[in-house]
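Please prepare a short briefing on this protein model for a colleague at the bench. Keep it to the fold, the cores and a few individual residues.

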Amino acid sequence: MSAFSIPLSGLAATSASLNVIANNLANLNTDGYKDQNLSFGSVFNEVQGTSGNGDPIQIGNGVQTESTVSNFSNGSVNSTGIASNMALQGNGFFIVQGKNATDYTRDGNFTVNSQGQIADSQGNLVMGFPAVNGTIQTSSVMAPITVTDSSVYPANATATFQMSTNLNADAAVGTVYSAPMTVYDSLGNAHNLTINYTNTAANAWTYQVTIPAADQGGTGAPVQLATGNMTFGTNGALTAPTGTIPGIAINGLADGAANMSLTWNLNGTSGAPTITQEASTSATTASTQDGYSAGSLTSYSILPDGTVQGTFSNNQTLVLGQVAIASFANNQGLTQVGNSDYQASFASGTPIIGQAGVGGNGTITGGAVEGSNVNLSTEFANMIVAQQGYEANAKVLTTLDQVSQATLQVIS
């Protein structure tokens with residue numbers, strides 16, 4: 001009987017459905033895995049004739065599997081604390097480059113290889129936009145993201161400095177208060193300046209900026225770099241000089257660094273002078289300057305837009321690159337190639353390469369991975385439905401067998 005093919009197709013379809021459910025459950029804890037469902041369609045109907053009013057009499061020929069549909073909704077974000085890990089929330093895929101192909105993945109469980117490049121567990125390199133001197137080059141060809149600890153942040157010579165200092169208004173004439181100030185030269189070497197304040201009269205002080213003689217290749221007493229007078233109002237505010245003290249020159253440094261010209265900024269961000277004279281102990285509460293030594297990479301982090309930001313030993317930060325994101329017109333058209341990776345196909349369309357958080361792309365959480373989006377209770381419910389379908393088709397097959405046996409007995 002040709003009717004045997006109908007329940008057999010049902011058995012095959014429900015068996016395939018159970019395979020999909022089993023695969024979902026097996027990948028319950030697979031990073032970046034996307035839940036799948038199996039879609040069914042009826043096999044073309046066989047026309048047996050027409051009814052009295054002309055309607056066709058059609059009997060179906062069973063069921064067939066039509067497609068697998070992946071659920072690309074977000075999985076949970078699981079924090080790992082590993083800097084190279086990334087969880088993508090929203091549309092898009094990470095781009096990983098192997099020896100022979102470019103793959104796309106949601107599995108952000110990345111590590112760093114021996115060359116300092118971010119890579120997946122298969123050794124494929126995570127691709128992105130390179131940075132030149134801290135500026136992302138989005139128009140450049142994509143390159144591996146590198147976070148090698150050999151990266152060096154160059155030194156920067158001090159150009160300006162500022163001090164928050166109070167000079168004791170009750171100090172006797174001739175009283176000297178000294179405050180240290182560290183600055184950096186073009187080679188990144190530190191030099192310890194000293195600012196000596198001497199009380200000369202009520203509301204009047206002199207200042208003297210000095211540097212150790214050894215810093216300029218000499219010996220003996222510190223070398224004077226600048227000197228001048230400071231006067232204060234009856235409210236303790238600095239009245240002269242105002243604004244800045246420019247042109248504090250440091251020439252002939254013994255380490256071979258370039259000559260320096262410093263500007264002493266006397267005003268804070270609010271515009272008020274940072275040098276005051278109050279009836280309180282002379283003290284310097286804060287000092288800042290814009291120079292720093294050369295630094296090596298100590299850590300890095302992934303920002304929501306995929307920017308890889310390095311932190312250096314000189315407390316400076318520098319953009320090292322930006323992780324690229326690929327999106328597709330039809331995610332369902334992607335071809336699965338294992339290890340939670342996909343490849344583009346004719347059905348998916350060509351990848352659109354962009355940045356996280358731009359053009360509908362999702363954002364990235366650094367130090368975390370995206371978990372599987374498989375729902376355990378839903379899969380158990382689907383498994384019960386598939387089991388019942390399998391048993392029902394098996395029952396039909398048994399019934400047809402009984403009918404066939406009865407027919408054979410009648411014939412015999």
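The briefing below starts with the overall picture and then goes through topics in bullet points.

This is a predicted model, in which local features need pLDDT of at least 70, side-chain atom pairs count only at pLDDT 80 or more, and totals for chains, interfaces and linings use all residues. Residues are numbered from 1 along each chain as its sequence is written, and side-chain values use heavy atoms, with hydrogens and water left out. The protein has 32 strands and two helices; these are DSSP runs numbered from the N terminus, with at least four residues for a helix (H or I) and at least two for a strand (E).

**Overall dimensions and surface**
- Along the principal axes, the C-alpha atoms fill a box of roughly 135 × 45 × 35 Å.
- The radius of gyration of the protein is 38 Å, whereas a compact globule of 412 residues would have one near 22 Å; the value is taken over C-alpha atoms, and the globule rule is 2.2 Å times the number of residues to the power 0.38.
- Of the 412 residues, 38% count as buried, where buried means under 20% relative accessible area, exposed over 50%, and partly exposed in between (1.4 Å probe, protein chains only).
- About 20300 Å² of the protein is exposed, and carbon and sulfur atoms supply 52% of that area, which comes from the Shrake-Rupley method with a 1.4 Å probe.
- Among contacts (heavy atoms within 4.5 Å) between residues at least 6 apart in sequence, 61% join residues at least 24 apart.

**Nonpolar cores**
- The largest nonpolar core has 30 residues, and those touching the most other members are Leu 193, Tyr 197, Val 209, Met 230, Ile 248, Trp 264 and Ile 275; such a core is a set of buried Ala, Val, Leu, Ile, Met, Phe, Trp, Tyr and Cys residues joined through side-chain atoms within 4.5 Å.
- Strands that each supply at least two residues of this core include S15 (160-168), S17 (190-201) and S19 (223-232).
- Another core lies apart from it, with 21 residues, among them Val 96, Ile 145, Leu 297 and Ala 356.
- Beyond four places in sequence, the contacts of Ile 248 include Phe 161, Val 209, Leu 225 and Trp 264.

**Individual residues**
- Asn 393 is found in helix H2 (residues 376-411) and counts as buried because its relative accessibility is 18%.
- Leaving out residues up to four places away in sequence, Asn 393 touches Ile 6, Pro 7, Gly 10, Leu 11 and Thr 14.
- Ser 67 is in strand S4 (residues 63-70) and, at 32% relative accessibility, counts as partly exposed.
- Apart from neighbours within four places in sequence, Ser 67 is in contact with Asn 37, Leu 38 and Ser 39.
- The C-alpha atoms of Ser 67 and Ile 245 are separated by 76 Å, with their positions 178 residues apart along the chain.
- Gly 81 sits in the loop between strand S5 (77-79) and strand S6 (86-89) and is exposed, with a relative accessible area of 65%.
- Gly 81 and Val 369 are 288 residues apart along the chain, yet their C-alpha atoms are separated by 9.7 Å.

**Backbone features**
- Ala 240 and Pro 241 are joined by a cis peptide bond, with omega about -5°.
- Asn 315, in the loop between strand S26 (307-312) and strand S27 (317-327), has a positive phi near 70°.
- Asn 339 also is not a glycine and has a positive phi, of about 55°.
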